[in-house]
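Student: I would like to go through this model with you. Please show it first.

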Amino acid sequence: MLIVPHVVFGAAIGSKIHSPILTIFLAVASHYLLDRIPHWQETTEPYILTARTYIRCSIDLILSIGFLFFLSRQGKLDLNVFLGAIFAIIPDVEGIFQVRKDLLKNSILSMTFPFHMRLQRHAGFLLGVFTQLVVIFISLLIIFEI
Ligand SMILES: [Zn+2]
């Protein structure tokens with residue numbers, strides 16, 4: 001799944017959970033849960049990184065940071081919301097190992113990486129973007145208590 005839905009969903013968790021430790025645990029768990037929802041991204045297994053991936057990740061990160069600034073301006077960014085947003089994308093740090101596969105061998109992530117990859121459910125562009133927009137929409141409803 002793209003970065004933005006994970007960040008927004010993690011922020012939603014942090015907005016409702018008032019324990020930092022529980023927020024971190026639930027945010028990481030939410031990452032694996034959301035990856036089970038059919039979603040689109042520009043690369044699928046075996047996740048060959050291309051220029052499109054770097055462009056998408058850059059835009060995705062900028063939008064995620066922009067979202068956190070937006071929450072800050074709305075007075076909705078506290079420690080738990082921040083922790084939720086950050087830890088919701090921690091599992092995707094494994095993407096680094098697509099560039100440096102040598103690091104994967106000697107890491108605890110060598111155990112979680114195959115698990116994470118098996119969880120992925122990919123969909124075509126229209127359905128795969130729609131599901132992620134739904135995740136973002138529901139998360140915003142939770143954060144802003146609409
Ligand atoms: Zn993931």
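The turns below cover a metal site and a helix pair.

Tutor: This is a predicted model, where local features need pLDDT of at least 70, side-chain atom pairs count only at pLDDT 80 or more, and totals for chains, interfaces and linings use all residues. Residues are numbered from 1 along each chain as its sequence is written, and side-chain values use heavy atoms, with hydrogens and water left out.

Student: Which residues coordinate the zinc ion?

Tutor: Donors are N, O and S atoms within 2.8 Å of the metal (3.2 Å for Na, K and Ca). Here they lie at 2.1 to 2.5 Å. The residues are H31 (NE2), D35 (OD), D92 (OD) and H116 (NE2).

Student: Is the arrangement of the four donor atoms tetrahedral or irregular?

Tutor: Four donors count as tetrahedral if all angles lie between 85 and 135 degrees; four count as square planar if opposite donors are over 155 degrees apart and all others between 65 and 115; anything else is irregular. The angles around the zinc ion run from 81 to 176 degrees, so the arrangement is irregular.

Student: Is H31 buried or exposed?

Tutor: Buried means under 20% relative accessible area, exposed over 50%, partly exposed in between (1.4 Å probe, protein chains only). H31 has a relative accessible area of 0%, so H31 is buried.

Student: How are helix 1 and helix 3 oriented to each other?

Tutor: Helices are DSSP runs (H or I, at least four residues), numbered from the N terminus. The axes of helix 1 (residues 3-16) and helix 3 (residues 51-73), lines fitted to C-alpha atoms over the stretch in contact (heavy atoms within 4.5 Å), cross at roughly 25 degrees. Angles run from 0 to 180 degrees between N-to-C directions, and those under 35 degrees count as roughly parallel, over 145 as roughly antiparallel, 65 to 115 as roughly perpendicular and the rest as oblique. Helix 1 and helix 3 are therefore roughly parallel.

Definitions and conventions. Tetrahedral: all angles 85-135°; square planar, octahedral: opposite > 155°, others 65-115°. Helix = DSSP H or I, 4+ residues; strand = E, 2+ residues; numbered from the N terminus.
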